[in-house]
Amino acid sequence: MAINHPNFGAMDESRVIIFDTTLRDGEQSPGFSMNIDEKLRMAEALAALGVDVLEAGFPIASPGDFESVLRIAQSIKGPVITGLARSGSSDIIRAGEAIRPAERKRIHTFISTSPLHMKQKLRMEPEAVLEAVTASVTLARNFTDDVEWSAEDGTRTEIDFLCRCVEAAIKAGATTINIPDTVGYAMPEDITRMFTTVRERVPGADQVIFSTHCHNDLGLAVANTLAAVRAGVRQIECTINGIGERAGNASLEEIVMAIRTRPDANPYKNNIETTRLLRTSKLLATITGFDVQPNKAIVGRNAFAHESGIHQDGMLKDAGTYEIMTPESVGWQKTSLVMGKHSGRAAFRDKLNALGYGDIGDNALNDAFARFKVLADRKKIVYDEDIVALVDDEVVRSHEVVKFVALEVWAGSKSKPRARLELDVEGEVKTAEEQGDGPVDAAFNAIRALFPHTASLQLFSVGAVTEGTDAQARCTVRLEEEGKSVDGQGADTDTIVAAVRAYIHALNKLVTKRARSAPAALSA
Ligand code: KIV
Ligand code: ZN
């Protein structure tokens, strides 16, 4: 019998729902936190990418999480918007309030079902867990017809008890049953066996969508996900760049391209616009400050690079010799050399449209264009990636209390490095000159002199946006104050300027955080 899903209607047997949890499981991992504006930008990009379900956050976790789920529910059209909730009624009510404005909505509720989690974490008897399953799903159905229930640590759950829980969830009205490999422990055969058994044994299993959510602790998340789909699962939970708790979740781009590249082994359909994969991955890297490793499948810098003579020779004769998919099919461009110092504002605006930016506002456009002109003067070749880094940098900065104005540094092996920095602090331009152990240290000391604060520097990293010595540097700075940590990013052809921009970005985030928790403590 075909499944009739409240949000997806009559489901074609070969259709796989792509459930993205970048903004929930992904955002939960250390260093990957995003503010509301950043989450909204990511949500827009995920909607344009074509994800079916967008897990926007965990509304009970904090007022900021609640607000971001609410804002995404209000403004993002297309995907089903879901919020996560434990089994308690306050979690579910909060999730229900956060998703209320969405055109298409879902509540995702979960409880642990493995012996270890029930005993040590929940300190609950199995019968009490079963009751909680029924109560949580029943309550969630008051907010929406689309309710997903998850068995946390499902792959380490005794199969008989798992079947009883799934049966209880279906009876209470769950429309999607997710069985996660929470700790990334399962082998593909375990996944096949588990889903086959549950689907065969549980009454009503043919009326719900089964879902898989695999963590990558043993590097098996994508393999396990594909095994689940072959065992009849029709929803895949995954994240951009595979981010997520510990070693991360199954990577969306890898799963989607495995399905597309090997239809003989994976005859399934989905709605992902694969040419947007690279730019979505890059946007996430820009927002979080963490690039993927160069050899990362699909979106890594080397994923389509051919260095050895033998490979290059093969590629020149027939690209199929060493490429199983085209770089263009995932968004790499043959030549992304596009703009130069003679390009005007209108061409720049057109370029932004082509790169998938909507209206970024006149102020951000003017500032980004001015920086583009400076960049085009300094850099021989301006790539799309440079423009993306520059515009993302500008958009992130539109509401700053502290703004970068100018920097001069004196460095080298002879004298102590010095930096003279000009900052706009709440509308007033101030200058400071400081020394340091290196030019970056001197510049950071100048920031501290102009905007005194107690936050400590936890991390400073530098990467390159493109290749060559004239490439833009992309820096990440992590600051910590009273147990709260924030990450800032900055890009520029000058590494020290990029570092200062990243520091100021982090500082502005900290000011926003402080203002939220104690409105009186706005100034430094
Ligand atoms: O890994 C996990 O079990 C989860 C659930 C909350 C779905 O993230
Ligand atoms: Zn998870």
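Mentor: A polar contact is a pair of N or O atoms within 3.5 Å, and with that cut-off in hand we can begin on this predicted model.

Trainee: What makes the approach of Asp25 to ligand 1 a polar contact?

Mentor: An oxygen atom of ligand 1 lies 3.0 Å from an N or O atom in the side chain of Asp25, and because the cut-off is 3.5 Å, the pair counts as a polar contact. Two histidines can be judged in the same way: a polar side-chain atom of His213 is 3.1 Å from an oxygen atom of ligand 1, and for His215 the corresponding distance is 3.0 Å. The surroundings of ligand 1 also include Arg24, His108, Phe110, Ser150, Glu152, Asn178, Pro180 and Thr182.

Trainee: How do you know which residues are the protein donors of the zinc ion (ligand 2)?

Mentor: Asp25 (OD), His213 (NE2) and His215 (NE2) lie 2.0 to 2.1 Å from the zinc ion, and because a donor must be an N, O or S atom within 2.8 Å of the metal, these atoms qualify. Water is not among the atoms, so the site may look incomplete.

Trainee: What spacing do the donors of the zinc ion follow along the chain?

Mentor: The spacing is D-x187-H-x1-H. Asp25 sits in helix α1 (residues 22-26), whereas His215 belongs to the loop between β9 (209-214) and α9 (221-230), so that the pair, 190 residues apart, links distant parts of the chain.

Trainee: Why are Asp25 and His215 called buried?

Mentor: Asp25 has a relative accessible area of 3% and His215 one of 4%; because buried means under 20%, both residues meet the criterion.

Trainee: Why is Leu116 called partly exposed, and Arg123 exposed?

Mentor: Leu116, in helix α5 (residues 115-122), has a relative accessible area of 47%, which falls between the 20% and 50% limits and is therefore partly exposed. Arg123 stands at 64%, and because exposed means over 50%, that label applies to Arg123. The place of Arg123 is the loop between α5 and α6 (126-140), and its phi is near 50 degrees, a positive value in a residue other than glycine.

Trainee: How do you know that Leu116 is in contact with Lys121 and Arg156?

Mentor: Contact is decided by heavy atoms within 4.5 Å, and by that test Leu116 is in contact with Lys121 and Arg156 once its neighbours within four places in sequence are left aside. The C-alpha to C-alpha distance from Leu116 to Arg156 is 8.5 Å, with their positions 40 residues apart in sequence, but the contact test looks at heavy atoms rather than at that distance.

Trainee: What makes Trp332 buried, and how far does its side chain lie from the backbone oxygen of Ile298?

Mentor: Trp332 has a relative accessible area of 16%, and because the limit for buried is under 20%, Trp332 counts as such. Its place is the loop between α12 and β11 (337-339), and its side chain reaches the backbone oxygen of Ile298 at 3.0 Å, a distance within the 3.5 Å set for a polar contact. Among the residues that Trp332 touches are Leu278, Val299, Arg301 and Phe304. Ile298 itself, in the loop between α11 (277-288) and α12 (309-317), counts as buried at 5% relative accessibility and has a positive phi of about 70 degrees although it is not a glycine.

Trainee: Why is the largest nonpolar core said to lie between domain 1 (15-288) and domain 2 (305-394)?

Mentor: Both domains give residues to this core, so it lies between them. Of its 92 residues, Leu54, Trp149, Val166, Ile177 and Phe210 touch the most other members, and helix α7 (residues 159-172) gives the most, with nine residues. Val166, leaving aside its neighbours within four places in sequence, is in contact with residues including Trp149, Ile177, Val198 and Phe210. As for the two domains, 13 residues of domain 1 are in contact with 13 residues of domain 2, while their C-alpha centres lie 33 Å apart.

Notes. Residues are numbered from 1 along each chain as its sequence is written. Chains are lettered from A and ligands numbered from 1 in the order in which they are written. This is a predicted model: local features need pLDDT of at least 70, side-chain atom pairs count only at pLDDT 80 or more; totals for chains, interfaces and linings use all residues. Side-chain values use heavy atoms; hydrogens and water are left out. Donors are N, O and S atoms within 2.8 Å of the metal (3.2 Å for Na, K and Ca); water is not among the atoms, so sites may look incomplete. Helices (H or I, at least four residues) and strands (E, at least two) are DSSP runs, numbered from the N terminus. Buried means under 20% relative accessible area, exposed over 50%, partly exposed in between (1.4 Å probe, protein chains only). A nonpolar core is a set of buried Ala, Val, Leu, Ile, Met, Phe, Trp, Tyr and Cys residues joined through side-chain atoms within 4.5 Å. Domain bounds come from an automatic or database domain assignment. A residue is near a molecule or strand if one of its heavy atoms lies within 4 Å of it. A polar contact is a pair of N or O atoms within 3.5 Å; within protein, one must be able to donate a hydrogen and the other to accept it, and residues adjacent in sequence count only if both atoms are side-chain atoms.
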